[in-house]
Amino acid sequence: MARSNSERPTNGFTVSAAADAVPAARRQVVALARGLVPSLQDEALETVELLASEVIANAVLHSASACEVVVTRTAERLRVEVTDTGLLHG
């Protein structure tokens, strides 16, 4: 389920600890990026998709726990943060 912050354009969601959850998460990052920065070119979106996929897959596979994904737009940047929750719970 996506979460948003109205003060700063931010959206976040949780990815389950399963490799088959990565493709849907990657697509969700791209959809959020399109919503936050409608002017992003296809090439930039492809780069965001590739990098998000790699980082999300690493977090899920190597931590064996769910991860939190946050997509934020600032004046000059689109930021995608991935935090595994394995260390947060124990």
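Which residue forms a salt bridge with Arg26, and how far apart are the closest N and O atoms? I'll come to that pair in a minute. One caution before anything else: this is a predicted model.

First, the overall layout. The chain has two helices and four strands. Going along the sequence, the order is β-β-α-α-β-β. Of its 90 residues, 31% count as buried. If you take contacts between residues at least 6 apart in sequence, 51% of them join residues at least 24 apart.

Now the helices. H1 covers residues 22-36 and H2 covers residues 42-63. Their axes come within 9 Å and cross at roughly 140°. That angle makes H1 oblique to H2; the cut-off for roughly antiparallel is over 145 degrees. The crossing of H1 and H2 is right-handed.

On the H1 side, the residues making the contact are Val22, Ala25, Arg26, Val29, Val30, Ala33 and Arg34. H2 contributes Leu45, Val48, Glu49, Ala52, Ser53, Ile56 and Ala57. Sorted by type, the contact residues of the two helices come to 10 nonpolar, one polar and three charged.

Back to the opening question. The partner of Arg26 is Glu49, and the closest N and O atoms of this salt bridge are 3.4 Å apart. Arg26 sits in H1 and Glu49 in H2, so the pair ties together parts that are 23 residues apart in sequence. Both residues are also on the list of helix contacts I just read out. As for accessibility, Glu49 is partly exposed, at 28% relative accessible area. Arg26 is partly exposed too, at 22%.

The structure holds two salt bridges. The other pair is Glu81 with Arg79, with an N to O distance of 3.5 Å. Glu81 is partly exposed, with a relative accessible area of 33%.

Next, three single residues, starting with Val60. Is Val60 buried or exposed? It counts as buried, at 3% relative accessibility. Val60 belongs to helix H2. Leaving out residues up to four places away in sequence, Val60 touches Val15, Ser16, Ala17, Ala18, Ala19, Ser65 and Cys67. You can also look at Val60 against Val22: they are 38 residues apart in sequence, and their C-alpha atoms are 8.1 Å apart in space.

The second is Val37, in the loop between H1 and H2. Although Val37 is a loop residue, it counts as buried, with 18% relative accessibility; the cut-off for buried is under 20%. Which residues does Val37 touch, not counting those up to four places away in sequence? They are Arg73 and Leu78. From Val37 to Arg73 is 36 residues in sequence and 7.4 Å in space, C-alpha to C-alpha.

The third is Ala64, in the loop between H2 and strand E3, which spans 67-73. Its relative accessibility is 64%, so Ala64 counts as exposed. What is worth checking on screen is the backbone. Most residues other than glycine have a negative phi. Phi of Ala64 is near 55°, a positive value in a residue that is not glycine.

To recap: H1 and H2 cross with right-handed geometry, and the Glu49 to Arg26 salt bridge links the two helices. Val60 and Val37 are the buried residues I picked out, and Ala64 is the exposed one with the positive phi.

Terms used. Residues are numbered from 1 along each chain as its sequence is written. This is a predicted model: local features need pLDDT of at least 70, side-chain atom pairs count only at pLDDT 80 or more; totals for chains, interfaces and linings use all residues. Side-chain values use heavy atoms; hydrogens and water are left out. Axes are lines fitted to C-alpha atoms, for helices over the stretch in contact, and angles run from 0 to 180 degrees between N-to-C directions. Angles under 35 degrees count as roughly parallel, over 145 as roughly antiparallel, 65 to 115 as roughly perpendicular and the rest as oblique. A crossing is left-handed if the near helix is turned anticlockwise from the far one by less than a right angle, and right-handed if clockwise. Contact means heavy atoms within 4.5 Å. Ala, Val, Leu, Ile, Met, Phe, Trp, Tyr, Cys and Pro count as nonpolar, Asp, Glu, Lys and Arg as charged, and the others, Gly among them, as polar. A salt bridge is a side-chain nitrogen of Lys or Arg within 4 Å of a carboxyl oxygen of Asp or Glu. Buried means under 20% relative accessible area, exposed over 50%, partly exposed in between (1.4 Å probe, protein chains only).
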